Amino acid sequence: MHNFFKIPYKRVLIEICLAIILVPLICYNNIYYPKKQILDTNYKYEEIYFRSLDNTKLNARYIPPKENMPTILFSHGNWGNISWFFDTMIPFAEKGYGIFIYDYRGFGKSKGFPYENGLYKDLRASIKYLNEEKHTPNKNIVLWGLSIGGGVVSKIAAEENFKAVIMQSTFTNIEDMAVHQISKVTGNKYLSRLPKIVPCLQKFDNYSRIDKINPPFLLIHSKGDTQIPYEQAVKNSKKAKYAKFVLVNDDDHTEYTNSLPVILEFLSL
């Protein structure tokens, strides 16, 4: 009887220890995919270097707004850098919106390395830069967060008011995403529960604060998103009582053909 119980207990103990060590690391390493390669564009912009709240040097691109138009402050996804998302902003610049698209620490030409609280500092510094250097008050700033950028935006938008807030293709929190990804990869419902037991180092907990964001507020997601399940957006929308919620059909996580016209219409109201 003694030998029967001895081996399983050791195995369980080893698995628990591995989970405690590995789950937080897996959560972190599957969040950030910064790139240094800068993609070309023919559209004119001002290149800006500024400091985050902890003095980390950041890079941004800026296009001034036309008269009486707001400025879109864009927080991009967890991969690439601003040059990979810049062309998405061009239709908005052509409509007269100002554009400020910045790279988080560790992305593109920005220094440092990414982590959750650092990204919050980077967005706050971007707002401060627009306020002080471009004389753009919060009432003329649209916060737009894509994917993990939604997780950055929700933190700041829950604490301050802006011209408008857009959260596109984002999740409830990193814990739910870890459960989804582990389940998707392993197909094991027990392994997929590990993030519920062992906390991730990064949280980006949209769900806990999304009901504190004031309108105008747009939540938009696609049923065709293969990275972040739209069910998480539905869950967010049920708590975000002030949000306009739109589900489009055919966009993927990096394809915005059907989403961009909806965003343009939302901003024009």
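**View 1. R124, K155, E159 and E160 are linked in a network of salt bridges.** The model shown here and in the views below is predicted. One pair in this view is E160 and R124, whose side chains meet in a salt bridge with an N to O distance of 3.6 Å. This pair links distant parts of the chain, 36 residues apart. R124 belongs to helix α3, while E160 is in the loop between α4 and β8 (164–168). E160 has a relative accessible area of 28% and is therefore partly exposed. R124 is also partly exposed, with a relative accessible area of 25%.

**View 2. Helices α3 and α4 cross at roughly 65°.** Helix α3 covers residues 116–133 and helix α4 covers residues 148–157. Their axes come within 9 Å, and the crossing is right-handed. On the α3 side, the contact is made by L119, Y120, L123, R124 and I127. On the α4 side, G151, V152, V153, K155 and I156 take part. Sorted by class, the contact of α3 with α4 has seven nonpolar residues, one polar residue and two charged residues. R124 and K155, which are among the contact residues, also belong to the salt-bridge network of View 1.

**View 3. K128 and E132 form a salt bridge within helix α3.** The N to O distance for this pair of side chains is 3.3 Å. K128 and E132 are four residues apart in the helix, about one turn. K128 has 40% relative accessibility, so this residue counts as partly exposed. E132, at 45% relative accessibility, counts as partly exposed as well.

**View 4. R105 forms a salt bridge with D54.** A search of the whole structure finds 10 salt bridges, and the pair shown here is one of them. The closest N and O atoms of R105 and D54 are 2.8 Å apart. The two residues come from distant parts of the chain and are 51 residues apart. R105 lies in the loop between β6 (98–102) and α3, and D54 lies in the loop between β2 (46–51) and β3. R105 counts as buried because its relative accessibility is 3%, under the 20% cut-off. D54, in contrast, is partly exposed, with a relative accessible area of 31%.

**View 5. N68 has a positive phi although this residue is not a glycine.** The phi value of N68 is near 65°. N68 is located in the loop between β3 (57–63) and β4 (71–75). With 74% relative accessibility, N68 counts as exposed, the cut-off for this class being over 50%.

**View 6. F204 has a positive phi and is buried.** Phi of F204 is about 40°, and this residue is not a glycine. F204 lies in the loop between α6 (194–197) and α7. The relative accessibility of F204 is 0%, so the residue counts as buried. N68 in View 5, by comparison, counts as exposed.

**View 7. A cis peptide bond joins P215 and P216.** The omega angle of this bond is about -5°. P216 is found in the loop between α7 (206–209) and β9 (217–222).

Definitions and conventions. Residues numbered from 1 in each chain as written. Predicted model: local features only at pLDDT ≥ 70, side-chain atom pairs only at ≥ 80, totals over all residues. Heavy atoms only, no water. Buried < 20%, exposed > 50% of the residue type's maximum accessible area, 1.4 Å probe, protein only. Axes fitted to C-alpha atoms, helices over the stretch in contact; angles between N-to-C directions. Left-handed = near helix turned anticlockwise from the far one by under 90°. Contact = heavy atoms within 4.5 Å. Nonpolar A, V, L, I, M, F, W, Y, C, P; charged D, E, K, R; others polar. Salt bridge = Lys/Arg side-chain N within 4 Å of Asp/Glu carboxyl O.
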